[in-house]
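Welcome! Let's get to know a new protein together through a few questions and answers.

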Amino acid sequence: ILANINLNVIMQSLTAIAATSETDTLILLSGFLQKDMEELSAAIHASLITIIRIEEKEGWVCLLCKKD
């Protein structure tokens, strides 16, 4: 699953992403700023998704995640 959209859309979509993903599905999330990482990280973990890699460039973040 690939989502390169803003923070609000990612936050609103996490429940659906988690519900429709099978265990070990890889999820790539990008399009949000470093300053939003704390809020997004908490929501990701609450959705039973694990962050396995974080990439940042010029304040923008990309997360590689995996459905638990």
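Q: Among contacts between residues at least 6 apart in sequence, what percentage join residues at least 24 apart?
A: This is a predicted model, and a contact here means heavy atoms within 4.5 Å. Counting contacts between residues at least 6 apart in sequence, the share that joins residues at least 24 apart is 62%.

Q: Which pattern of helices and strands does the protein follow along the sequence?
A: There are two helices and four strands to place. Read along the sequence, they give the pattern β-α-β-α-β-β.

Q: Why can the protein be called as compact as a globular protein of its length?
A: For 68 residues, the globule rule gives 11 Å. The protein is as compact as a globular protein of that length because its radius of gyration is close to that value, at 11 Å.

Q: Which element gives the largest share of the largest nonpolar core?
A: In soluble globular proteins, nonpolar side chains tend to be buried together. Here the largest nonpolar core has 17 residues, and L29, F32, I44 and L63 have the most contacts inside it. Elements giving two or more residues to this core include strand 2 (26-33) and helix 2 (37-46). The largest share, five residues, comes from helix 1.

Q: Which residues does F32 touch, leaving out those up to four places away in sequence?
A: F32 is one of the residues with the most contacts inside the largest nonpolar core. Setting aside residues up to four places away in sequence, F32 touches I5, L7, I10, M37, L40, G59, W60, V61 and L63.

Terms used:
Residues are numbered from 1 along each chain as its sequence is written. This is a predicted model: local features need pLDDT of at least 70, side-chain atom pairs count only at pLDDT 80 or more; totals for chains, interfaces and linings use all residues. Side-chain values use heavy atoms; hydrogens and water are left out. The radius of gyration is taken over C-alpha atoms; the globule rule is 2.2 Å times the number of residues to the power 0.38. A nonpolar core is a set of buried Ala, Val, Leu, Ile, Met, Phe, Trp, Tyr and Cys residues joined through side-chain atoms within 4.5 Å. Buried means under 20% relative accessible area, exposed over 50%, partly exposed in between (1.4 Å probe, protein chains only).
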